[in-house]
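The following exercises concern a structure with its sequence. Each task is followed by a solution in steps.

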2 protein chains.
Amino acid sequence: MTQPKRYLNIVSEMRDMIREQNIRPGDRIPSERELAEKLAVGRSTIREALRSLELLGLIETRRGEGTFLTDPGKHRLVELLATFILQDTKTLEDIRETMCIHETAAIQAICSSEAWKLPVWQSLRERLDGHEFIREDFVRELMVLSGNRLSLKIWFLLKQYGGNPYDGEASLEEKALLKNILLAIEQQDGQTAIREFKTWSSVLIKGENA
Amino acid sequence: MTQPKRYLNIVSEMRDMIREQNIRPGDRIPSERELAEKLAVGRSTIREALRSLELLGLIETRRGEGTFLTDPGKHRLVELLATFILQDTKTLEDIRETMCIHETAAIQAICSSEAWKLPVWQSLRERLDGHEFIREDFVRELMVLSGNRLSLKIWFLLKQYGGNPYDGEASLEEKALLKNILLAIEQQDGQTAIREFKTWSSVLIKGENA
DNA sequence: TTTTGAAAGTGGTCTGACCACTAATCCTTC
DNA sequence: GAAGGATTAGTGGTCAGACCACTTTCAAAA
């Protein structure tokens, strides 16, 4: 039986300590040596926990002064980052909405570019005529063609955590709709393309709940 | 003159090493003792860097076996965070653009909601008349009012790792512009609001490079 | 051939020792 | 008494060495 890693417990214990002692952002937290003694672990273990929290932006260390909770001004950056990293609350609705934000932004970006002149674009059109067409391929191609790789990565991430609404093959009706979207993009009519896309997307999500 | 933190350099150096030696996700990276010798630092320093990367999910350590690059096939979060942490300058542009995607989406969402009827909204308007107004407050309030907490969190992350273009106080001209944006939102004129916002934002980013 | 167990290598942790830096304190000097 | 400078205690940053727990490997024993 492998022991759980100590420094991860330290992270939790420190969070509790911060809450119990009501340490506010900007305040100083106990020194490394103090923490080591109080939590009955070596100083190096404490430091490993602290360095993790520091890279996450939760604390700030100043040589000769001490370690401080990051002062985010009035906003609660600490909480937010913590909940994000620790994956506490992720409302499915928010995930879906955020995916949609990136998808529509991608469509808009393609309209403003000339990406639809690329060979990949033709290839996508042709695949839409084939008899096997995975829905996800369509959206992913759009994300790729948007040219924003970071946005693409975030989209991948959201898809993983939020469940993939684009699972499975597209029906005949869907393929017709998707072709219309491509057409609208070629005509640089972003509004129409996005409207049609949202129609398709919302049907999928509703069908998922049924 | 304060020395920069060593373990942060280690993070960068390790990135270079991984690229040069073409270590792929899932592969094993050199042992802690090896790294310590090769980079001419103590093992504890290496460990502090590794623990940070581990909490971020970039690497995975197995006692008795070694340390491995996390396979991003299952955890896309890895790639995402890697992009942030490793601060590839090529992606700065993507980060800014992605921030903008979330910002404009927030404005659009507020227009479609009734969030501008809330007391917070009035408070924001009044603060714009004060003589000290931090730019970031404006954008952050918009992100909060959008109601999408996940989008807000992502925005925070991007701001932290991509550098904050909204640092400092707004000038008189800027405040007038921001008031116009609020006005457009109240009239549910998303297009105008977003256009004005992008104007403001792009000026800030250009000024940053100067 | 199969089994076993010793050895080597790895991450996990602790200790104690320096160094670099900061801030409070004390002491000299005016 | 006030101002300025040196001292000192406390802090984070780093290092070296020592164990421990665990995994893999491989050679010796059955």
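The expected span of a helix is 1.5 Å times one less than its number of residues. Helices (H or I, at least four residues) and strands (E, at least two) are DSSP runs, numbered from the N terminus. The model is predicted: local features need pLDDT of at least 70, side-chain atom pairs count only at pLDDT 80 or more, and totals for chains, interfaces and linings use all residues. Residues are numbered from 1 along each chain as its sequence is written, chains are lettered from A and ligands numbered from 1 in the order in which they are written, and side-chain values use heavy atoms, with hydrogens and water left out.

**Exercise 1. Helix lengths and burial in chain B**

Compare the expected and actual spans of helix 5 and helix 9 of chain B, and state which residues of helix 9 are buried.

Step 1. Helix 5 (residues 92-112) of chain B has 21 residues, for which 30 Å is expected at 1.5 Å a residue; from first to last C-alpha it reaches 31 Å, close to that value.

Step 2. Helix 9 (residues 172-186) of chain B has 15 residues and should therefore span 21 Å, in agreement with the 21 Å between its end C-alpha atoms.

Step 3. For burial, the relative accessible area is used: buried means under 20%, exposed over 50%, and partly exposed in between (1.4 Å probe, protein chains only). Helix 5 of chain B is mostly covered, with 15 of its 21 residues buried. In helix 9 of chain B, the buried residues are Glu174(B), Lys175(B), Leu177(B), Leu178(B), Ile181(B), Leu182(B), Ala184(B), Ile185(B) and Glu186(B).

Step 4. Just after helix 9 of chain B, Gln188(B) has a positive phi of about 55°.

**Exercise 2. The sheet of chain A**

Determine the strand order of the sheet in chain A and describe how its strands pair.

Step 1. Two strands pair if DSSP finds at least two bridges between them. The three strands form an open sheet in the order 1-3-2, with antiparallel pairing. Strand 1 (28-29) and strand 2 (59-62) of chain A are the edge strands, each pairing on one side only.

Step 2. Strand 1 of chain A pairs with strand 3 (residues 66-69) of chain A over two antiparallel bridges; Ile29(A) has Thr67(A) as its bridge partner.

Step 3. Strand 2 of chain A pairs with strand 3 of chain A over four antiparallel bridges, and Glu60(A) is partnered by Phe68(A). These two strands form a hairpin with three residues between them, and Gly64(A) in the turn has a positive phi of about 85°.

Step 4. In a regular strand the side chains alternate between the two faces of the sheet. In strand 2 of chain A, Ile59(A) and Thr61(A) make up the covered face, whereas Glu60(A) and Arg62(A) make up the uncovered one.

**Exercise 3. Helix crossings**

Classify the crossing of helix 3 of chain A with helix 3 of chain B, and that of helix 6 with helix 9 of chain A.

Step 1. Axes are lines fitted to C-alpha atoms, for helices over the stretch in contact (heavy atoms within 4.5 Å), and angles run from 0 to 180 degrees between N-to-C directions. Angles under 35 degrees count as roughly parallel, over 145 as roughly antiparallel, 65 to 115 as roughly perpendicular and the rest as oblique.

Step 2. Helix 3 of chain A packs against helix 3 of chain B at about 55°, with the axes 8 Å apart. The two helices are therefore oblique to each other. The contact involves, among others, Arg47(A), Glu48(A) and Arg51(A) on one helix and Arg47(B), Glu48(B) and Arg51(B) on the other.

Step 3. The axes of helix 6 (residues 119-129) and helix 9 (residues 172-186) of chain A come within 10 Å and cross at roughly 160°. Helix 6 of chain A is therefore roughly antiparallel to helix 9 of chain A. Residues in this contact include Trp121(A) and Leu124(A) of helix 6 and Leu178(A) and Leu182(A) of helix 9.

**Exercise 4. Two residues of chain A**

State whether Gln108(A) and Arg24(A) are buried, partly exposed or exposed.

Step 1. Gln108(A) is found in helix 5 (residues 92-112) of chain A and, at 39% relative accessibility, counts as partly exposed. Gln108(A) touches Gly190(A) and Ile194(A), not counting residues up to four places away in sequence.

Step 2. Arg24(A), in the loop between helix 1 (6-20) and strand 1 of chain A, is exposed, with a relative accessible area of 53%. The C-alpha atoms of Arg24(A) and Thr70(A) are 9.1 Å apart, although 46 residues separate them along the chain.
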